[in-house]
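Dear colleague,

I am handing over a structure that you have not worked with before, and I would be glad if you kept it open while you read. My notes on what was found in it follow directly below.

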Amino acid sequence: MGRTFGFTKSAGKGLACVLALPALIALAAMSGVAESAPTRPELERQFASTVQPFLKTYCVACHGKDKPQAQLDLTLYGSMASVMRDYAHWSLLMEKLVAQQMPPSDFSKQPSPRQREAVIAWVRDCLLYTSD
């Protein structure tokens with residue numbers, strides 16, 4: 001599988017992620033999500049019950065410890081705090097999920113729309129939590 005996930009350390013992509021953050025915050029605020037942003041304990045619980053199982057099922061086969069595609073090892077993220085330390089990658093991960101580019105269409109396992117949306121919402125909620 002010669003796919004790349006688009007995770008590079010170029011300044012252009014880093015700038016794009018930084019510029020995308022205010023737009024995501026504004027979008028969430030307009031949709032009314034900001035008023036009911038989850039608390040940190042809720043986000044931690046969702047990470048353990050929803051995000052980690054999603055990653056194990058749909059992501060770590062390619063983005064795990066052994067030869068991680070695009071140099072992205074998702075097994076390194078064991079908590080919400082570890083995600084927040086590297087939010088630029090998670091913002092891009094969210095974009096790939098929204099665009100339905102990940103997992104790739106030829107991957108044998110595909111998440112349901114509900115599972116995909118739950119992870120997207122969690123990443124978005126983490127951004128809202130940190131912006132408070």
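A search of the whole structure, which is a predicted model, finds zero disulfides. For cysteine 62, the closest cysteine sulfur belongs to cysteine 59 and lies 8.9 Å away, which is too far for a bond because a disulfide needs the two sulfur atoms within 2.5 Å. Cysteine 62 is buried, with a relative accessible area of 15%, and cysteine 126 also counts as buried, in its case at 0% relative accessibility.

As for the chain as a whole, its secondary structure comes to five helices and zero strands, so that the pattern read along the sequence is α-α-α-α-α. The chain has 132 residues, of which buried residues make up 39%, and it exposes about 7600 Å², with carbon and sulfur atoms supplying 58% of that area. If one takes the contacts between residues at least 6 apart in sequence, 70% of them join residues that are at least 24 apart.

Which residues have the most contacts inside the largest nonpolar core? They are Leu74, Trp90, Trp122 and Val123, in a core that has 23 residues. Two or more residues are given to this core by each of helix H2 (40-58), helix H3 (80-84), H4 and helix H5 (113-131). In general, nonpolar side chains in soluble globular proteins tend to be buried together. Tryptophan 90 is a good place to look at this core in detail, since, with residues up to four places away in sequence not counted, it touches Phe47, Val51, Leu55, Leu74, Tyr77, Val83, Trp122 and Val123.

Histidine 89 is found in helix H4, which spans residues 87-98. At 23% relative accessibility histidine 89 counts as partly exposed, because the buried class ends at 20% and the exposed class begins over 50%. Its side chain is joined to that of aspartate 86 by a polar contact of 2.7 Å, while leucine 72, which is 17 residues apart from histidine 89 in sequence, is 8.6 Å apart from it in space, C-alpha to C-alpha.

How many salt bridges does the count come to? The count comes to two. In one of them arginine 40 pairs with glutamate 44, the closest N and O atoms being 3.6 Å apart, and both of these residues lie in helix H2, four residues apart, which is about one turn of the helix. Arginine 40 is partly exposed, with a relative accessible area of 31%, and glutamate 44 likewise counts as partly exposed, at 28% relative accessibility. The other salt bridge is formed by glutamate 117 and arginine 124, whose closest N and O atoms are 3.8 Å apart. Here, too, glutamate 117 counts as partly exposed at 40% relative accessibility, and arginine 124 is partly exposed with a relative accessible area of 22%.

The loops deserve a careful look as well. Most residues other than glycine have a negative phi, and most peptide bonds are trans. Against that background, a cis peptide bond joins methionine 102 and proline 103, with omega at about -15°, and proline 103 lies in the loop between H4 and H5. Glutamine 100, whose place is in the loop between H4 and H5, has a positive phi, near 55°, and counts as exposed at 57% relative accessibility. Lysine 67 also has a positive phi, near 50°, but its place is in the loop between H2 and H3, where it counts as exposed at 77% relative accessibility.

Lysine 109 is another residue in the loop between H4 and H5, and it is partly exposed, with a relative accessible area of 45%. Leaving aside neighbours within four places in sequence, lysine 109 is in contact with Thr57, Tyr58 and Pro103; the last of these is the proline of the cis peptide bond described above. The C-alpha atoms of lysine 109 and threonine 57 are separated by 7.8 Å, although the two residues are 52 residues apart along the chain.

With best wishes

Conventions
Residues are numbered from 1 along each chain as its sequence is written. This is a predicted model: local features need pLDDT of at least 70, side-chain atom pairs count only at pLDDT 80 or more; totals for chains, interfaces and linings use all residues. Side-chain values use heavy atoms; hydrogens and water are left out. Buried means under 20% relative accessible area, exposed over 50%, partly exposed in between (1.4 Å probe, protein chains only). A polar contact is a pair of N or O atoms within 3.5 Å; within protein, one must be able to donate a hydrogen and the other to accept it, and residues adjacent in sequence count only if both atoms are side-chain atoms. A nonpolar core is a set of buried Ala, Val, Leu, Ile, Met, Phe, Trp, Tyr and Cys residues joined through side-chain atoms within 4.5 Å. Contact means heavy atoms within 4.5 Å. Accessible areas come from the Shrake-Rupley method with a 1.4 Å probe; for residues, only the protein chains shown count as cover. A salt bridge is a side-chain nitrogen of Lys or Arg within 4 Å of a carboxyl oxygen of Asp or Glu.
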